[in-house]
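Please examine the sequence and the three-dimensional structure shown below before reading this report.

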Amino acid sequence: MSIEIKTNSVEPIRHTYGHIARRFGDKPATRYQEASYDIEAKTNFHYRPQWDSEHTLNDPTRTAIRMEDWYAVTDPRQFYYGAYVGNRAKMQEAAETSFGFCEKRNLLTRLPEETQKQLLRLLVPLRHVELGANMNNSKIAGDATATTVSQMHIYTGMDRLGIGQYLSRIALMIDGSTGAGLDESKGYWMDDEMWQPMRKLVEDTLVVDDWFELTLIQNVLMDGLMYPLVYDKMDQWFESQGAEDVSMLTEFMRDWYKESLRWINAMVKVVAQENDANRELLQTWIDHWEPQAYNALKPLAEASAGIEALDEARAELATRLKKCGLQSQGVSA
C-alpha cells in the first residue's frame with residue numbers, strides 16, 4: 001500500500017485591496033501603502049460639518065495650496081501607526097533611562113540655585129509652545145485631505161505633547177515633584193517680558209485657518225528656528241553654566257527633530273515644485289511669518305546663547321528653504 005501526498009498551490013484572485021490596486025496595480029502592497037492611501041471618505045456625505053458649513057468633509061479647498069494629487073506628499077520614514085508606535089517606544093525607553101539616571105542621583109537638585117532658576121525661566125516654559133504645536137498639528141491632521149499628510153501631522157502632534165511632558169518633568173525634578181517649579185515657569189510664560197512675543201505668536205497660530213499655511217508656520221519656520229537654538233546652541237550654553245546633565249534629558253528632542261526634518265523637507269519640496277502658484281504663495285507666507293518667528297525667539301536667544309546662535313539657526317533654515325526653491329527673509333538673494 002502506498003500513500004501519495006500531493007500539494008496544490010492556490011493563486012489568490014486579488015493580491016491587495018481594491019483602492020490600493022487602483023493606484024499601484026494588483027500586486028502585494030507594503031504595510032505603509034495599505035495603511036496610508038485613499039482611506040478617507042470622498043463621496044456619499046450626508047451633511048456638511050456643522051462647525052464649517054462652507055466645506056465638506058475632507059475638502060481640498062481648506063487650503064489655498066493646489067495639488068493634482070495630495071498623495072504625492074508621502075512620509076520618507078514610511079510611518080503607519082504600527083511602525084510609528086514601535087519607533088517611539090524605543091525612543092521613549094532611552095529617554096526614561098536618562099530621566100531615571102538623573103532622578104536617582106539628584107543631578108538637577110545638585111545644581112546651583114541660580115542655574116535651576118535659569119532652567120525654569122529659559123527652558124521649561126517651552127512646554128507651552130509644545131502644547132500649541134500639539135493643537136496646531138491636530139488641527140492640520142483634521143483638515144488635510146490625504147491620509148499620508150494627516151497621519152504625519154497627528155503623529156507629530158502626539159510627539160509634541162510628549163516633549164511638553166518631558167519639559168514638565170524637568171521642573172518636577174527640580175522642585176521635588178511639588179509642582180512649585182511648574183507654577184514658577186508658568187509665571188514666566190504669562191508675565192515675563194521675554195516670553196510675551198513667543199506667547200503672542202503661539203496664540204496667533206491657533207487661529208490660522210489655512211492648514212498648509214499653519215504647517216509652514218509651525219513645523220517649518222517656528223521649529224526650524226527654535227529647535228536648533230534651544231536644543232543645540234542653548235544646550236551648549238547650559239553646559240557652560242555647569243548644567244551639562246540637562247543634555248541627557250533633552251536628547252529625545254534632538255533625535256526627534258533630526259528625524260522630523262525628513263518628512264517636513266520632503267513635503268515642502270513636493271508642494272513647492274507642483275506649480276508656480278504654490279511656490280509664490282509659500283514665499284508670501286514665509287515673508288510674513290518668518291520675521292515674526294525670529295523676533296519671538298530673539299529675547300530668548302539674547303538671554304542665553306546669544307543672538308548669533310539664532311542667526312545660525314536662521315542660516316540653517318535658509319539652506320533648507322533654498323533646496324525647495326524658497327528664500328528666507330534673513331538671507332539676501
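The report that follows treats pockets, helix contacts and a few single residues in turn.

This is a predicted model, in which local features need pLDDT of at least 70 and side-chain atom pairs count only at pLDDT 80 or more, while totals for chains, interfaces and linings use all residues. Residues are numbered from 1 along each chain as its sequence is written, and side-chain values use heavy atoms, with hydrogens and water left out.

## Pockets

Rolling a probe the size of a water molecule over the atoms shows where empty space is left. A pocket is an open set of points, on a 1 Å grid over the protein atoms alone, where a 1.4 Å probe fits and where protein lies on both sides within 12 Å along at least five of seven lines; a lining residue has an atom within 4 Å of a point. Grid points are joined across faces, edges and corners, and the volume is the space filled by probe spheres set on the points. Helices are DSSP runs (H or I, at least four residues), numbered from the N terminus. In the sorting of residues, Ala, Val, Leu, Ile, Met, Phe, Trp, Tyr, Cys and Pro count as nonpolar, Asp, Glu, Lys and Arg as charged, and the others, Gly among them, as polar.

| Pocket | Volume | Helix that gives the most to the lining | Lining by class |
|---|---|---|---|
| Largest pocket | about 300 Å³ | Helix 6, 8 residues | 8 nonpolar, 3 polar, 4 charged |
| Second largest pocket | about 160 Å³ | Helix 5, 4 residues | 6 nonpolar, 2 polar, 3 charged |

The largest pocket has a volume of about 300 Å³. It is lined by 15 residues, of which Q92, M158, G162, Y166 and F252 are the closest to its centre. At least two lining residues come from each of helix 3 (81–104) and helix 6 (147–175).

The lining of the second largest pocket consists of H128, L131, G132, M135, K186, W189, M190, R199, V202, E203 and L206. Helix 5 (126–143), helix 7 (180–191) and helix 8 (196–205) each contribute at least two residues to this lining.

## Helix contacts

Axes are lines fitted to C-alpha atoms, for helices over the stretch in contact, and angles run from 0 to 180 degrees between N-to-C directions. Contact means heavy atoms within 4.5 Å. A crossing is left-handed if the near helix is turned anticlockwise from the far one by less than a right angle.

How do helix 9 and helix 11 cross, and within what distance do their axes come? The axes of helix 9 (residues 211–240) and helix 11 (residues 251–274) come within 11 Å and cross at roughly 145 degrees. The crossing of helix 9 with helix 11 is left-handed. On the side of helix 9, the contact includes F212, T215, Y227 and D235, and on the side of helix 11 it includes M253, W256, W263 and V271. The contact residues of these two helices divide into 13 nonpolar, 3 polar and 3 charged.

Helix 6 also packs against helix 9, at an angle of about 35 degrees and with the axes 13 Å apart. This crossing too is left-handed. The contact is made by V149, H153, T156, R160, I163 and L167 of helix 6, together with residues of helix 9 that include W211, T215, N219 and Y231. Its residues divide into 7 nonpolar, 5 polar and 2 charged.

## Burial in helix 4

A residue is buried under 20% relative accessible area, exposed over 50%, and partly exposed in between (1.4 Å probe, protein chains only). In helix 4, the buried residues are T115, Q116, Q118, L119, L120, L122 and L123. Their cover includes helix 5, helix 6, helix 7, helix 9, helix 10 (246–249) and helix 12 (276–303).

## Single residues

Two residues of helix 12 can be set side by side. Q283 lies in helix 12 and is buried because its relative accessible area is 18%. Leaving aside neighbours within four places in sequence, Q283 is in contact with L326, Q327 and Q329. Q292 is also in helix 12, but counts as partly exposed because its relative accessibility is 26%. Not counting residues up to four places away in sequence, Q292 touches L201 and D204. Q292 and I154 are 138 residues apart in sequence, and their C-alpha atoms are 25 Å apart in space.

The remaining two residues lie in loops. D38 is not a glycine, yet has a positive phi of about 55 degrees; D38 is in the loop between helix 2 (31–36) and helix 3. N106, a residue other than glycine, likewise has a positive phi, near 55 degrees. N106 is found in the loop between helix 3 and helix 4 (113–123), and counts as partly exposed because its relative accessibility is 43%.
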